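The exercises below are meant to be worked with the sequence and the coordinates side by side. Try each task before reading its solution.

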Amino acid sequence: MADNKRRWALEGVRVIDLTWLLAGPGGTRILASLGAQVIRVECREPRAVDFLRYTPPFPRKDKSAPAQDLGMLAGTPANGFNRSGNFNNINPGKFAITLNLNHPKGRDLLRRLVARAHVLCENFSPERMDQWGVGYAELRRVNPSLIYVQTTGMGKAGVYRDYAGYGPTAQALSGLTAMSGLPEPREPAGWGYSYLDHSPGYYSSMLVIAAIMRRRKTGQGCYIDLSQTECGIMLSGTAALAHQLSGQPTARHGNRMPFAPWAPHGAYPCRAEGDPGDEWIAIAVQNDDQWAALVAEMGSPVWAAEARFADAAGRKANEDELDRKLAAWTSTQERYALMARLQARGIPAGVVQKSVDRFTRDDQLRARGFFVALPQSEIGEWPVDGFPARMTASPAFVGGLTARGAPMLGEDNERIYREVLGIESAELEALKAEGAV
Amino acid sequence: MSAGAAPLGDALGGFVVLEVGDERGEFAGVLLAGLGAEVIRVEPPGGAPSRRLGPFASGAPHPERSLHFWRYNLNKKSVTLDLGNSAAAPVLARVAAHADVIIDSGEAAAVARRMAAYRELRAASPRLIVCAITPFGLDGPWRDFKMTDLTQLAMGGIMAVCGYEPGADGKYDTAPIAPAAWHAYHLGSEYAAVSIAAALNFRELSGEGQEIDVSIHEAINTCTEFTMPSYIYAGVVVKRQTARHASASISPPWLRRAADGVYVNAIIAPTDREFRALVRLLDDCGVTHDLNSEAFSDPTRRGRREAQREIFAALDRLVASRPAEEIFRRAQALGLAWAPVRRPEENLADEHFRRRGSFAAIAHPELGGDLLYPASVATDGERPHFNYRRRAPRLSEHTGEILARAGYAADEIAALRAARII
């Protein structure tokens, strides 16, 4: 049950959430964590159900069972739409209703919901809502102060308005893929997940809150045409600036630091903890004091006293050799113990933590209570990622108003249709029978 | 889009943000400044640490030529104030009396020391919002670990899933690679900006300010997609692989090299629609293939190992047949979500991004012209929501203006300067 004493930063804000996958739902997750009433609106037609509801991982029967093969595409999940762990992590704190936008009464219900809401978020392909007759131009007539967020791969306005894009598409086009990895002639290493599915959520939530404040002052609504690729451009650092001044193409540097004379600066192998091992520690030496401390921790080996490693410029100029020597030493070390010893000497160092490490060995996440266990109505209690900012007066809570994990498909039909639109059970059943809900 | 739609570039107009600390929080200030807040960068008299980060305009390091400082301090003002000097406290108090928000970023111990002073300010003015951005938050066993962008991305979980795939023996012969461009600080600052906006909204509802404690480590931890659920629910530790999603097993490559040597992110979803688009594209480009044969007639057949191998080989030949930008346009015209791997600067002249205002032309009189900065993520249908107009400040450029507003007379300002407090 929701905590009635809790005070929310977004008290009284209602969000109609038509988003799917991650690029849209990440933003409404944040709004829900801050106390907005986020109502997921989903179609119950299997072909139109959020694809994330289809995707693994699904809970193991018992947590000590062996690891599952995730597969990539599960088809219609045998166990229904309410068991995806990925969906659960991305949609906690939200209400869920069903509504069919292919049905005229469904579209009418959406208009009525929008009339009673502040914000609508969607990330369909760019023209989809217009095709249904419920695009921004139409909904603005229903609710002139509506804040409408449309997240797409490229952006709805512009030359690429009809282009399709997912996180990896946006990462490639924006420049982020090209920037990451070892120098030419190696191919880019890019990203091992859809960073640009996460980023739009930070910006949509930020822009929505700004728009809510403006709306309070002026009554004005807002249309937000948010582009995943532009998020990538925004996050490309100084690359485009440097190019304009130097004319040089942006290069990749692996883990090395091209912008300051920091060396060693990379990930170094540690003692294997399995076969084959994949254990690493990141070390970033920024100055002579840290270097001296590292040399001492290594037991002052002869090689480290060589003149060519004595100052930052020398270490940078001889980085290949430096990395080889350092790696030979780290590879004999247990990674967490090594991190503790390096940190005790004031050297920036951190274990390259895998998921299992973050979940089972990260003392900091545990101490701060980062993972939040929330009940999900079908699969029970599971931990989801917490909100990374503590707020003293209006604390964020990923369980939001529902104090639940992700909603089941249509879980809140009765409550939301009654509370928001005054539709009682009998009428709701009729709407369901007609295929509108 | 006319009435009802207008850019949000002034939505936070009237709010004043003081930004103390190092490079960890500067992106938060830039985001708020792009939405209209007056953001005042409080620098030590020697300049903010980020002024020493490259790259530098014209090569040699110089505090007024750091492109890093330029990029992450657009639209801001600069005052100098030596917060290490106890005589600075009353100056900070008078300047902060005009502020709505203080952002402070850096190592937790240093930020925590300054928090004591901010708490006194909050006691006098409970509407004040204070946001700390630190590597691990203000408490916890790892609070005082020394961190950089690299070590944060390592510990936060992004690095472990980024890099190159293992060899045939399953052993990685390259280290995991942290994506470049300060993403640890991007993530911490994005959450900080969201939280600050939320706190401002809460203040309008309640009249109360508050303290915000952002952990960069936790911000990174929220940003690894299904990496963590795969472990929590299924016990799977996903394996990193070149330029594609880390997953339980090694999947076929996504990047393919075009005729001009540029890579294209080109993948086919296992749907009829995408398969037909691929066949059409192969035909259009005159690339020979056997995909019309019986062996590819339905999804089950296409899923077989042999069929998959043929499909990927055809895909390779297709991408290799034309320059990357042509493959991009042709594939997208058929509804395939492909894109060339562009370098960031290759978007500067792209008509799509030009029309959307993705880059803002910022005047740099000292360079005798404009520089284009990444400046937008969204439009109102016509114009970008973020509004960037002013280059990063020169060191102490606005000290006189800000102190005068705080009630200091010219001779008092001169005395503070002589005492090296400002």
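**Exercise 1.** How far apart do the C-alpha centres of domain 1 of chain A and domain 2 of chain A lie?

*Solution.* Bear in mind throughout that this is a predicted model. Begin with the bounds: the domain assignment gives domain 1 of chain A as 14–234 together with 366–434, and domain 2 as 265–360. Taking the C-alpha centre of each of these two domains then yields a separation of 41 Å. For scale, the C-alpha trace of chain A spans about 85 × 55 × 45 Å along its principal axes.

**Exercise 2.** Determine the strand order of the open sheet that includes strand 14 of chain B, and explain what is particular about its edges.

*Solution.* Start from a pair within chain A: strand 1 (residues 14–17) and strand 2 (residues 37–42) are parallel and share 4 bridges, with A:Ile16 standing opposite A:Ile39. Next, cross to the other chain, where strand 6 (residues 222–227) of chain A is joined by 2 bridges to strand 14 (residues 378–379) of chain B in the antiparallel sense, and A:Asp225 stands opposite B:Thr379. The full order of the 7 strands is 3(A)-2(A)-1(A)-4(A)-5(A)-6(A)-14(B), with mixed pairing. Strand 3 (95–98) of chain A and strand 14 of chain B each have a single partner strand, so one side of each is left without a neighbour in the sheet.

**Exercise 3.** Describe the side of chain A that touches chain B, by element and by residue class.

*Solution.* First count the contacts: 137 residues of chain A are in contact with 137 residues of chain B. On the chain A side, helix 8 (residues 195–218) gives the most, with 15 residues. Sorting that side by class, one finds 78 nonpolar, 42 polar and 17 charged residues.

**Exercise 4.** Which residues touch the most other members of the largest nonpolar core, and which helix gives the largest share of this core?

*Solution.* The largest nonpolar core holds 253 residues, and those that touch the most other members are A:Ala210, A:Ile281, B:Leu32, B:Cys131 and B:Ile196. Its largest share, 13 residues, comes from helix 6 (residues 183–206) of chain B. To follow one member further, list the residues that A:Ile281 touches, leaving out those up to four places away in sequence; among them are A:Tyr268, A:Leu338, A:Met339 and A:Val351. Finally, a second, separate core of 8 residues should be kept apart from the largest one, and its members include A:Leu21, A:Ala23, A:Leu52 and A:Ala406.

Technical notes:
Residues are numbered from 1 along each chain as its sequence is written. Chains are lettered from A and ligands numbered from 1 in the order in which they are written. This is a predicted model: local features need pLDDT of at least 70, side-chain atom pairs count only at pLDDT 80 or more; totals for chains, interfaces and linings use all residues. A nonpolar core is a set of buried Ala, Val, Leu, Ile, Met, Phe, Trp, Tyr and Cys residues joined through C-beta atoms within 7 Å. A residue is buried if 20 or more other C-beta atoms lie within 10 Å of its own, exposed if 12 or fewer, and partly exposed in between; C-beta atoms are placed from the backbone. Two residues are in contact if their C-beta atoms, placed from the backbone, lie within 7 Å. Domain bounds come from an automatic or database domain assignment. Ala, Val, Leu, Ile, Met, Phe, Trp, Tyr, Cys and Pro count as nonpolar, Asp, Glu, Lys and Arg as charged, and the others, Gly among them, as polar. Two strands pair if DSSP finds at least two bridges between them.
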